[in-house]
Amino acid sequence: MRVHLGSDHAGLDLKDHLVTWLVDHGYEIVDHGPFVYDALDDYPCFCLRAAEGVAADRAEGLDSLGVVIGGSGNGEQMAANKVEGIRCALVWSEETAVLAREHNDANVVSVGGRMHSLDDMTRFVEVFLTTPFSGDERHVRRIGQLTTYDETQELPPLPESALRGPDA
């Protein structure tokens, strides 16, 4: 599997650690930077490239996922989610890593390098990369609604439970 990585200065140490860890575990790595510490760098230029790499690979039918890393992971997730076809999940536990893949078929994970230990963050990424999408109908349906909205900007129809109002 190919893994695209992007970070900012706050995620650089974790990204560099993950590059070695991922190679040691048989993953093909595409490192979109940064490659040196610069406290004034901007995460979008690196995280957008990582997300675009995942989207391009997947469009070609390749098995590819991504990891974006910052101080909190919030901005990096927002950046990655701007790329068409990307579903990036902010992960802060093993459980959120599993659910991001099983329920949301996330193809990029965002982690906060300042939020957890190096061992914990590595474990979250490992769980994310090794957990398959469940393929359950309800999850496929929900992802389809998001995809349709991305393409058409039309909201999904409201379910019966929302049409009756609070006084029903």
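**Sheet and annotated site in a predicted model**

In this predicted model, the side chain of histidine 9 comes to 3.5 Å from the backbone oxygen of alanine 39.

Q: Where is histidine 9 found, and is histidine 9 buried or exposed?
A: Histidine 9 sits in the loop between S1 and H1. Buried means under 20% relative accessible area. The value for histidine 9 is 17%, so this residue counts as buried.

Q: Which residues does histidine 9 touch, not counting residues up to four places away in sequence?
A: The side chain of histidine 9 reaches the backbone oxygen of alanine 39 at 3.5 Å. Ala39 also belongs to the contact list of histidine 9. The full set is Pro34, Tyr37, Asp38, Ala39, Asp41 and Arg114.

Q: Which residues does the UniProt annotation "binding site" cover?
A: The annotation comes from an unreviewed UniProt entry. It may be inferred rather than shown by experiment. The residues covered are Asp8, His9, Gly71, Ser72, Gly73, Asn74, Gly75, Asn104, Arg114, Arg138 and Arg142.

Q: How far are these residues spread in space, between C-alpha atoms?
A: In sequence, the annotated residues span 135 residues. They are also spread in space. The separation between C-alpha atoms goes up to 38.5 Å.

Q: Which of these residues does the lining of the largest pocket include?
A: The record lists both asparagine and arginine positions, among them Asn104, Arg114, Arg138 and Arg142. Of the annotated residues, the lining of the largest pocket includes Asn104 and Arg142.

Q: Is aspartate 8 buried or exposed, and what is its relative accessible area?
A: Aspartate 8 lies in the loop between strand S1 (2-7) and helix H1 (12-24). Beyond four places in sequence, Asp8 touches Pro34, Asp41, Tyr43, Ile69, Gly70, Gly71 and Glu76. Aspartate 8 is buried, with a relative accessible area of 6%.

Q: What is the order of the strands in the open sheet, and which are the edge strands?
A: The open sheet has five strands with parallel pairing, in the order S2-S1-S3-S5-S4. An edge strand pairs on one side only. That applies to strand S2 (28-31) and strand S4 (88-90).

Q: By how many degrees are neighbouring strands of this sheet turned against each other on average?
A: The pairing in this open sheet is parallel. Direction is ignored for this angle. The average turn between neighbouring strands is 25 degrees.

Q: Which residue in S5 is the bridge partner of valine 67?
A: Strand S3 (residues 64-70) and strand S5 (residues 108-112) pair in the parallel sense over five bridges. In S5, the partner of valine 67 is valine 109.

Q: Which residue in S5 stands opposite cysteine 88?
A: S4 and S5 run parallel and are joined by three bridges. Cysteine 88 stands opposite valine 108.

Q: Why is S5 largely enclosed by the rest of the structure?
A: Both faces of S5 are covered. Val108, Ser110 and Gly112 are buried on one side, Val109 and Val111 on the other. S5 is largely enclosed because its buried residues number five of the five.

Q: What angle does the direction of helix H2 make with that of S1?
A: Helix H2 (residues 43-59) packs on the sheet. It touches S1, S3 and S5. Its direction makes an angle with that of S1 of about 165 degrees.

Q: What is the relative accessible area of histidine 4?
A: Histidine 4 is found in strand S1. Beyond four places in sequence, its contacts include Val30, Ala50, Val54 and Val67. Histidine 4 is buried, with a relative accessible area of 4%.

Conventions:
Residues numbered from 1 in each chain as written. Predicted model: local features only at pLDDT ≥ 70, side-chain atom pairs only at ≥ 80, totals over all residues. Heavy atoms only, no water. 1 Å grid on protein atoms, 1.4 Å probe; cavity = no way out; pocket = protein on both sides within 12 Å on 5 of 7 lines; lining within 4 Å. Helix = DSSP H or I, 4+ residues; strand = E, 2+ residues; numbered from the N terminus. Buried < 20%, exposed > 50% of the residue type's maximum accessible area, 1.4 Å probe, protein only. Contact = heavy atoms within 4.5 Å. Polar contact = N/O pair within 3.5 Å; in protein donor to acceptor, adjacent residues only side chain to side chain. Pairing = 2+ DSSP bridges. Axes fitted to C-alpha atoms, helices over the stretch in contact; angles between N-to-C directions.
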